[in-house]
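Subject: Structure handover

Hello,

Here is the structure I promised to pass on. Please open it first, then read my notes below.

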Amino acid sequence: MKKSQEIIGLPVFSIVDGRKIGQVKDLVINPEEGKLDFILVSNGSWYVGARVLPYKAVMGIGEHAVTTESEHLLSNINDTSSANTLLQRNIELKGNRVLTNKGNLIGVISEYEVDETSGKITRLEYKTAQDESKIDIIEAGDVLTYGTDVVVVRERQDSPNPTSPNEPEDNASKPSGGETDGAAFFKQRQRQFLLGKKLVQDIKDGAGNILIAEGTMVTEDIINLAEQHNRFVELSQCAK
């Protein structure tokens with residue numbers, strides 16, 4: 001397994017003539033399949049003369065270099081429609097937020113790991129929302145969606161209920177409705193994050209009617225409205 005930081009920056013060598021043909025500048029992800037489809041290779045500035053190497057043409061990723069059979073396997077970005085489409089979708093993992101399928105923002109991705117043989121993403125590392133100095137792990141099997149704005153993961157059923165070490169647990173202080181202190185903490189972080197942002201698309205109710213229109217600024221009332229109609233996840237995804 002290789003972390004992305006162990007691949008990006010490596011020189012790329014052609015085996016046929018033993019020559020350096022570029023340097024890995026980025027990894028191009030296929031979000032539907034959860035794997036690397038291309039490696040972005042450049043011998044100059046960012047995106048200046050950049051070419052793509054299909055991941056299936058990679059012979060090996062070692063400690064010191066990426067190898068491929070020949071430079072002829074590289075192609076210009078604009079000449080490779082599938083690579084161009086993926087790049088335009090702008091799917092980035094590092095720095096992306098992690099949202100559970102229950103609507104909780106749990107952190108920000110700091111690194112990811114791939115199987116260098118298949119290019120499959122195997123796990124994600126993320127800084128937790130409760131403590132950014134803490135790193136937690138998400139296995140690829142728990143990822144539901146690799147999105148442009150959030151990575152959606154399956155919420156853990158056995159997640160601990162975090163409580164402040166300086167505050168004793170008190171049943172009287174727990175939110176009503178059986179919501180844990182941990183869940184309340186994350187929901188409050190979500191609400192704070194969303195306030196003041198604007199919707200980039202309409203949010204509709206169960207009947208298909210527009211509930212919250214595109215361009216609406218998110219306020220407490222808007223958040224409450226979304227929650228009443230079970231549209232909080234959509235609100236989180238559509239607010240920019």
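Which side chain meets that of arginine 19 in a salt bridge? The partner is glutamate 71, at 2.2 Å from N to O. Please keep in mind that this is a predicted model.

The pair links distant parts of the chain. Arginine 19 sits in strand β3, residues 19-30. Glutamate 71 sits in the loop between β7 (66-68) and β8 (75-76). The two are 52 residues apart. Arginine 19 is partly exposed, at 38% relative accessibility. Glutamate 71 is partly exposed as well, at 23%. The pair also belongs to a network of salt bridges, which links Asp17, Arg19, Arg51 and Glu71.

How many salt bridges does a search of the whole structure find? The count is eleven. Here are two others to look at.

One joins the side chains of glutamate 33 and lysine 35, with 3.7 Å from N to O. Glutamate 33 is partly exposed, at 44% relative accessibility. Lysine 35 counts as buried because its relative accessible area is 18%, under the 20% cut-off.

The other joins lysine 94 to glutamate 111. Their closest N and O atoms are 3.6 Å apart. Lysine 94 lies in the loop between α2 (81-89) and β9 (97-100), and glutamate 111 lies in strand β10 (residues 105-114), so this salt bridge ties together parts that are 17 residues apart in sequence. Lysine 94 is partly exposed, with a relative accessible area of 37%. Glutamate 111 is buried, at 4%.

Now a charged residue with no such partner. Glutamate 113 lies in strand β10. Glutamate 113 is buried, yet has no salt bridge. Which side chain of opposite charge is nearest to glutamate 113? That is arginine 123, 4.0 Å away. Leaving aside neighbours within four places in sequence, glutamate 113 is in contact with Met1, Lys2 and Lys3. Lys120, Ile121, Thr122 and Arg123 are in contact with glutamate 113 too.

Next, the sheet. Seven strands form an open sheet, and the pairing is mixed. The order is β6-β7-β2-β3-β4-β5-β8. Why is one side of β6 and of β8 left without a neighbour in the sheet? Both β6 (58-61) and β8 stand at the edges, each with a single partner strand, so one side of each has no neighbour there.

Further in, look at strand β4 (residues 35-42) and strand β5 (residues 51-54). They run antiparallel, and four bridges join them. Isoleucine 39 stands opposite leucine 53 in β5.

Last, a cysteine. Cysteine 238 lies in helix α5, residues 232-238. Is cysteine 238 buried or exposed? Cysteine 238 is buried, with a relative accessible area of 7%. Where does leucine 199 stand relative to cysteine 238? The two are 39 residues apart in sequence, but 5.3 Å apart in space, C-alpha to C-alpha. Leucine 199 is also one of the contacts of cysteine 238, once neighbours within four places in sequence are left aside. The others are Lys198, Val200, Gln201 and Ile203.

If you start with one spot, take the network that links Asp17, Arg19, Arg51 and Glu71. Then go on to glutamate 113, buried without a salt bridge.

Best wishes

Methods. Residues numbered from 1 in each chain as written. Predicted model: local features only at pLDDT ≥ 70, side-chain atom pairs only at ≥ 80, totals over all residues. Heavy atoms only, no water. Buried < 20%, exposed > 50% of the residue type's maximum accessible area, 1.4 Å probe, protein only. Lys, Arg positive; Asp, Glu negative; His and termini not counted. Contact = heavy atoms within 4.5 Å. Pairing = 2+ DSSP bridges.
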